[in-house]
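Subject: Structure handover

Hi,

Here is the structure I promised to pass on. Have a look at it first, then read my notes below with the model open beside you.

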Amino acid sequence: MVIEGAWHVDSYVRAGETLRLTGILLMTSSRWSTLYFVPHSGTDQRWGSAEAGRYTFKNGRLTFHHELTFQGGAGEIPVIDSASTTVESCAVELSSKTLKIYFPSGNVIHCSRYSE
């Protein structure tokens with residue numbers, strides 16, 4: 001299966017709660033970038049994240065090497081890191097149309113491939 005392409009970020013599962021997201025994950029042959037928005041419970045506010053870096057995909061594991069991070073909104077203190085060194089090695093489930101990313105934190109992002 002090919003992981004490269006444009007993925008719609010559909011939902012995020014955290015502590016057993018599924019949150020609907022609006023966003024995109026772009027994967028080239030070695031670089032990734034994402035922008036997504038999470039609704040803030042009980043309000044019309046949203047929390048957002050924009051991140052980018054490089055990645056490797058080997059033996060069913062997707063390892064994100066974060067380089068740029070911008071997160072904030074919904075009254076949260078912004079996180080701005082233009083020299084991030086965060087590395088996340090994630091298990092994945094990949095099909096031609098769906099991608100599930102299992103983060104070390106236990107959270108899971110569900111994505112669907114954008115059609116051409």
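Let's start on the outside: Asn 59 is exposed, because its relative accessible area is 82%, and anything over 50% counts as exposed. Before you read on, please keep in mind that this is a predicted model.

You can find Asn 59 in the loop that joins β5 and β6. Its phi is near 50°, a positive value in a residue other than glycine. If you want a landmark, try Val 92: it sits 33 residues away from Asn 59 along the chain, and the two C-alpha atoms are 10.0 Å apart.

Two other loop residues go with this one. Ala 15 is in the loop between β1 and β2, and Ala 15 also has a positive phi, about 55°, although it is not a glycine. With a relative accessibility of 81%, Ala 15 counts as exposed. Gly 75 belongs to the loop between β6 and β7, and at 78% relative accessibility Gly 75 is exposed too. To get a feeling for distances, draw a line from Gly 75 to Glu 4: they are 71 residues apart in sequence, and their C-alpha atoms are 34 Å apart in space.

Now for the inside. Which residues touch the most other members of the largest nonpolar core? They are Leu 25, Met 27, Leu 62, Phe 64, Leu 99, Ile 101 and Cys 111, out of 21 residues in that core. The strands that each supply at least two core residues are β1 (5–14), β3 (22–27), β4 (31–39), β6 (61–73), β8 (87–94), β9 (98–102) and β10 (108–113).

Met 27 is a good one to click on. Setting aside neighbours within four places in sequence, Met 27 is in contact with Ile 3, Glu 4, Gly 5, Trp 7, Trp 32, Tyr 55 and Leu 62.

His 65 is worth a click as well. You will find His 65 in strand β6, and it is buried, because its relative accessible area is 16% and the limit for buried is under 20%. With neighbours within four places in sequence left out, the contacts of His 65 are Trp 32, Ala 52, Gly 53, Arg 54, Tyr 55, Thr 56, Thr 86 and Val 87. Trp 32 is thus on the contact list of Met 27 and on that of His 65, and Tyr 55 is likewise listed for Met 27 and for His 65.

Next, Thr 34, which lies in strand β4. Is Thr 34 buried or exposed? It counts as buried, at 9% relative accessibility. A polar atom of its side chain is 2.8 Å from the backbone oxygen of Ile 24. Ile 24 is also among the residues that Thr 34 touches, together with Val 9, Leu 25, Ser 49, Ala 50 and Glu 51, not counting residues up to four places away in sequence. Gly 23 is eleven residues from Thr 34 in sequence, with 7.4 Å between the two C-alpha atoms.

Then the cysteines. How many disulfides does the structure hold? Zero. A disulfide is a covalent bond between the sulfur atoms of two cysteines. The cysteine sulfur closest to that of Cys 90 is in Cys 111, and at 11 Å it is too far away for a bond, since the cut-off is 2.5 Å. Both residues are buried: Cys 90 has a relative accessible area of 0%, and Cys 111 has one of 4%.

Last, the largest pocket, which has a volume of about 590 Å³. It is lined by 32 residues, and the closest to its centre are Tyr 12, Tyr 36, Trp 47, Glu 51 and Gln 71. You have met Glu 51 already, as one of the residues touched by Thr 34. Two or more lining residues come from each of β1, β2 (17–20), β4, β5 (46–58), β6, β7 (76–81) and β10. Which element gives the most to this lining? That is β4, with five residues.

Enjoy looking around!

Notes. Residues numbered from 1 in each chain as written. Predicted model: local features only at pLDDT ≥ 70, side-chain atom pairs only at ≥ 80, totals over all residues. Heavy atoms only, no water. Core = buried A, V, L, I, M, F, W, Y, C linked by side-chain atoms within 4.5 Å. Buried < 20%, exposed > 50% of the residue type's maximum accessible area, 1.4 Å probe, protein only. Helix = DSSP H or I, 4+ residues; strand = E, 2+ residues; numbered from the N terminus. Contact = heavy atoms within 4.5 Å. Polar contact = N/O pair within 3.5 Å; in protein donor to acceptor, adjacent residues only side chain to side chain. 1 Å grid on protein atoms, 1.4 Å probe; cavity = no way out; pocket = protein on both sides within 12 Å on 5 of 7 lines; lining within 4 Å. Points joined across faces, edges and corners; volume = space filled by probe spheres on them.
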